[in-house]
Amino acid sequence: MPRPQRAFRTQALILKRRDFGEADRMLTILTPSHGKIEVVAHGARKLTSSKTGHVELFTCADMLIHNGRNFGIVAQAEMVTPYQPLREDLQRGAYANYVAELADRFSTLDEPDDSSLFTLLSETFERLSIVDDPRLAIRYYEIRLLDVAGFRPELNECVFGREAIEPEDQFFSYAEGGVVCPRHANQSVRLTRVSLNALKILRHLQRSSYAHIAALTIDAPLHNEVERILLGYITYQLERKLQSIDFIKRIRSI
Ligand SMILES: [Zn+2]
């Protein structure tokens, strides 16, 4: 895709990096206004390179990027926020890897963004660096990411009858993207159960600030249920996205 500017300066969260050529690295970065882009950091694997320290995974860097023929080229990089614990602690690192991968999979290369995903991921890296138990920060991230990506689940009315949900155990439809009341449950296949308490937590996650969520205490079985529903819905949407990408590739090759 042609880019109008020859060079631009941007903040960048490092989502992925891989070896490229003899001494270079290819980075997948998330930026506030250019969205997700791939850039090459020349010489990033040489010990003497001044860029090496600035292109660590899960850091935020200030970058000057030149537009190359195929990829952007990192001309300068300076660390802004290291999020150090994400590379020093195995568990925090695993969670950082998970949220970075979701951000990668739910975004499209070279599609300008309104900075909401960038802000969400920066805040999440910050939270994962400091909280004792990261699970609530992860659930908060998942439900916000669904919002940002355009898959906000409907939790207040039945997706079949559009009537307000009664205070009782319900069902959830991944395909319809929301709650299905017991009266309409026979109209859909592949429903999963959602208890009233899990639904309350999901609604709370969707409407409250992180400060309110961080103060919650949720017992393990209830948290597991909330996690199962969110993961099920995220997996369903990613599979659908992958299928549509395959479909577009097939159309293009005809
Ligand atoms: Zn209904």
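In this predicted model, the face of helix 5 that is turned away from its buried side carries the exposed residues L196 and R207. The buried residues of helix 5 are A198, L199, I201, L202 and L205, and they cover an arc of only 160° around the axis, which puts them on the same side of helix 5. Helix 5 itself comprises residues 196-207, and because each of its 12 residues is taken at 1.5 Å, a span of 16 Å should result, in agreement with the 17 Å that separates its end C-alpha atoms.

A comparable description can be given for helix 3. This helix runs through residues 116-130, and over its 15 residues it reaches 22 Å from the first C-alpha to the last, close to the 21 Å expected at 1.5 Å a residue. Its buried residues are L117, F118, L121, T124, F125, L128 and S129; seen down the axis of helix 3, these fall within an arc of 135°, so they line one face of the helix. The elements against which the buried residues of helix 3 pack are strand 1 (7-20) and strand 2 (24-31), together with helix 1 (85-88), helix 2 (90-106) and helix 4 (135-148).

Of these partners, helix 2 can be described in further detail. The axes of helix 2 and helix 3 come within 10 Å and cross at roughly 170°; because angles over 145 degrees count as roughly antiparallel, helix 2 is roughly antiparallel to helix 3. On the side of helix 2, the residues that take part in the contact are R92, Y95, A96, V99 and A103, and these meet L117, L121, T124, F125, L128 and S129 in helix 3. Sorted by class, the contact of helix 2 with helix 3 has 8 nonpolar residues, 2 polar residues and 1 charged residue.

These helices belong to a protein that has 7 helices and 8 strands. Its C-alpha atoms fill a box of roughly 65 × 50 × 25 Å when the dimensions are taken along the principal axes. Of the 254 residues of the protein, 31% count as buried, and among the contacts between residues at least 6 apart in sequence, 53% join residues that are at least 24 apart.

Methods:
Residues are numbered from 1 along each chain as its sequence is written. This is a predicted model: local features need pLDDT of at least 70, side-chain atom pairs count only at pLDDT 80 or more; totals for chains, interfaces and linings use all residues. Helices (H or I, at least four residues) and strands (E, at least two) are DSSP runs, numbered from the N terminus. The expected span of a helix is 1.5 Å times one less than its number of residues. A residue is buried if 20 or more other C-beta atoms lie within 10 Å of its own, exposed if 12 or fewer, and partly exposed in between; C-beta atoms are placed from the backbone. The arc is that of the directions from the helix axis to the C-beta atoms. Two residues are in contact if their C-beta atoms, placed from the backbone, lie within 7 Å. Axes are lines fitted to C-alpha atoms, for helices over the stretch in contact, and angles run from 0 to 180 degrees between N-to-C directions. Angles under 35 degrees count as roughly parallel, over 145 as roughly antiparallel, 65 to 115 as roughly perpendicular and the rest as oblique. Ala, Val, Leu, Ile, Met, Phe, Trp, Tyr, Cys and Pro count as nonpolar, Asp, Glu, Lys and Arg as charged, and the others, Gly among them, as polar.
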